Amino acid sequence: MYVCICKAVRESDLHAACAAGVRDMAALRSRFDIAGGCGKCGREARALLDSYRQQPLGTAANGASA
Ligand code: FES
């Protein structure tokens with residue numbers, strides 16, 4: 001599923017980045033230019049980041065090991 005239609009960023013792309021240690025929007029923007037178009041995806045991307053911030057590094061937001 002695409003999170004960002006403007007930049008063709010998939011949810012799986014964001015999960016992979018977060019699993020690799022990304023924890024802030026600046027890093028997501030640097031990698032994917034997410035929210036660099038219409039900006040509608042920013043809220044969903046931030047929610048995903050928040051779910052990972054509550055997890056130790058190397059752990060998926062759903063609790064599975066990455
Ligand atoms: S949907 Fe991401 S910038 Fe438009």
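**Getting to know Ala 45 and its surroundings**

Visitor: Which residues does Ala 45 touch, not counting residues up to four places away in sequence?
Guide: Residues are numbered from 1 along each chain as its sequence is written. This is a predicted model, where local features need pLDDT of at least 70, side-chain atom pairs count only at pLDDT 80 or more, and totals for chains, interfaces and linings use all residues. Touching means that two C-beta atoms, placed from the backbone, lie within 7 Å. Beyond its sequence neighbours, Ala 45 has these partners: Val 3, Leu 14, Met 25, Leu 28, Ile 34 and Ala 35.

Visitor: Is Ala 45 buried or exposed?
Guide: Ala 45 sits in helix H3, residues 42-53; helices (H or I, at least four residues) and strands (E, at least two) are DSSP runs, numbered from the N terminus. A residue counts as buried with 20 or more other C-beta atoms within 10 Å of its own, exposed with 12 or fewer, and partly exposed in between, with C-beta atoms placed from the backbone. Ala 45 has 21 such neighbours, so it is buried.

Visitor: Leu 14 was one of those partners. What separates the C-alpha atoms of Ala 45 and Leu 14?
Guide: Along the chain, the two residues are 31 residues apart. In space, their C-alpha atoms are separated by 7.7 Å.

Visitor: Which residues of helix H1 are buried?
Guide: Helix H1 spans residues 11-19. Its buried residues pack against strand S1 (2-4), strand S2 (9-10), helix H2 (25-32) and H3. They are Leu 14, Ala 17 and Cys 18.
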